[in-house]
Amino acid sequence: MPTPARNVTVTGAGGQIGYALLFRIASGQLLGPDVPITLRLLEIPQGLNAAEGAALELHDGAFPLLRSVEVTDDATRAFEGVNVALLVGSRPRGPGMERADLLEANGRIFGPQGRALNAGAADDVRVLVVGNPANTNALIAAAHAPDVPRERFTAMTRLDHNRGVAQLAAHLETPVSSVAGLTIWGNHSATQYPDVFHATVDGRPVNDLVDETWLTQTFIPRVANRGSEIIRVRGGSSVASAANAALDHVFDWVNGTGDAWTSAAVASDGSYGVPDGLVCSFPVRSVDGHWRIVQGLEIDSFSRARIDASVAELIDERDAVRTLGLV
Ligand code: NDP
């Protein structure tokens, strides 16, 4: 029996991350090399030309797995029957914009998208929010989709995770494949906490291999502020690495992680004292198509303080969108 096609929707598909994502999705790197894809590209009216252009180029790629590409500015149409939704388009913070304005502007995007997902998505829909503030945008979308299990709404911290793995590997002069057990906790923001206390390199505890000064003064700030470093050097925000991380997140979610764990922002079930329902980054394994928070890790006071600080920021964001009536 041929594998049925899966419906994949990308919002903000005319943007930079969209452009870095679409061709890799079409080539099978999102769901696997045997899974046919139908693509829907959602854009706001000003972004439609860019998305149409990408659709023409996708056509020219003659990708064997790509069954069809449709461009639309109608969220209802975009999410009808969707199996995987990559919510990339969001409202960037403009000059002089307060956080409440940013959250409100994004509420106007992610609220209706949540409603459209609720109305039309496939039963097995998986949603990954990339557009910032990603954790809280996922919270807003989930709040507008009461019929979709909340575990299906996730936000991306995989880029932060990958950055942490790469920094550690470079520092210890070892291949990235030797590194395991790193965790990003909290918000996808500069308050995130990249935690190496359970990490290993070729089975050896990282704790025995790095000193605290490097950890606190180099590693943690470098990972948390890597986005700004990229902007400074490149003259624009990270694009291809963000798209790469989105592919990693969905691929692992669908295909499983085995014993290894990674990081993803998922709805808290109260684990590690994170208030229930907050979309928070945790150590996670993907088992039978579901993210499972890794349980039972010991959290010392150093880590606890940093996790609490990032969770406090998520609580503030949640309270702000509550006040705005968005959740
Ligand atoms: P990008 O494609 O570069 O970025 C899209 C979003 O991803 C931004 O919100 C950005 O947040 C976020 N992001 C998350 N993680 C990262 C990361 N590590 N590095 C960089 N960005 C990250 O933006 P463009 O402006 O090129 O494209 C956005 C597109 O979205 C536009 O075409 C616009 O028309 C569209 N749009 C579509 C909507 C819809 O479909 N309904 C709604 C709103 C916009 P940050 O800004 O904080 O970096």
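How many Å apart do the C-alpha centres of domain 1 and domain 2 lie? I looked that up before anything else, and the answer is 23 Å. Note to self: this is a predicted model.

**Entry: the two domains**

I checked the bounds next. The domain assignment puts domain 1 at 6-155 and domain 2 at 158-317. Then I looked at where they touch: 28 residues of domain 1 are in contact with 24 residues of domain 2. On the domain 1 side, the elements that give two or more residues are α1, β4, β5, α5 and β6 (153-155). Helix α5 gives the most to that side, with six residues. I also sorted the residues on this side of domain 1 by type, and got 17 nonpolar, seven polar and four charged.

**Entry: the ligand**

Where does the ligand lie relative to domain 1 and domain 2? Both domains give residues to the shell around the ligand, so it lies between them. I found 29 residues surrounding the ligand, and the closest are G12, G15, I17, G47 and G89. Helix α1 (residues 16-26) gives the most to this shell, with three residues. So α1 turns up twice in my notes, because it also gives residues to the side of domain 1 that touches domain 2. By type, the shell has 12 nonpolar, 15 polar and two charged residues.

**Entry: the annotated residues**

I pulled up the UniProt record, an unreviewed entry. Its "binding site" annotation covers R93, R99, N132 and R163. Do they all gather at one spot, or are they spread out? They span 71 residues in sequence and the farthest two C-alpha atoms are 26.0 Å apart, so they do not all gather at one spot.

I picked two of them for a closer look. R93 sits in the loop between β4 (84-87) and α4 (99-120). I counted 15 other C-beta atoms within 10 Å of R93, so it is partly exposed. R163 is in helix α6 (residues 158-171). Is R163 buried or exposed? It has 23 C-beta neighbours inside 10 Å, and 20 or more counts as buried, so R163 is buried. Leaving out residues up to four places away in sequence, R163 touches V223 and R226.

**Entry: backbone oddities**

N132, which the annotation covers, came up again here. A cis peptide bond joins N132 and P133, with omega at about -5°. P133 lies in the loop between β5 (126-129) and α5 (134-143).

Then I went looking for positive phi values outside glycine. E173 has one, about 50°. This residue is in the loop between α6 and β7, and it is exposed, with 6 other C-beta atoms within 10 Å. Y272 is another non-glycine residue with a positive phi, near 55°. Y272 lies in the loop between β12 (262-267) and β13 (279-287). With 20 C-beta neighbours inside 10 Å, Y272 counts as buried.

**Entry: a three-stranded sheet**

Last stop. I traced an open sheet of three strands, in the order β7-β10-β11, with antiparallel pairing. Which are the edge strands? They are β7 (179-180) and β11 (204-205), and each pairs on one side only. Strand β10 (residues 200-201) pairs with β11 in the antiparallel sense over two bridges. I followed one bridge by residue: the partner of V201 is R204, in β11.

Methods:
Residues numbered from 1 in each chain as written. Predicted model: local features only at pLDDT ≥ 70, side-chain atom pairs only at ≥ 80, totals over all residues. Near = placed C-beta within 6 Å. Helix = DSSP H or I, 4+ residues; strand = E, 2+ residues; numbered from the N terminus. Nonpolar A, V, L, I, M, F, W, Y, C, P; charged D, E, K, R; others polar. Domains from an automatic or database assignment. UniProt positions renumbered as here; feature names shortened; annotations may be inferred. Buried ≥ 20, exposed ≤ 12 C-beta atoms within 10 Å, placed from the backbone. Contact = placed C-beta atoms within 7 Å. Pairing = 2+ DSSP bridges.
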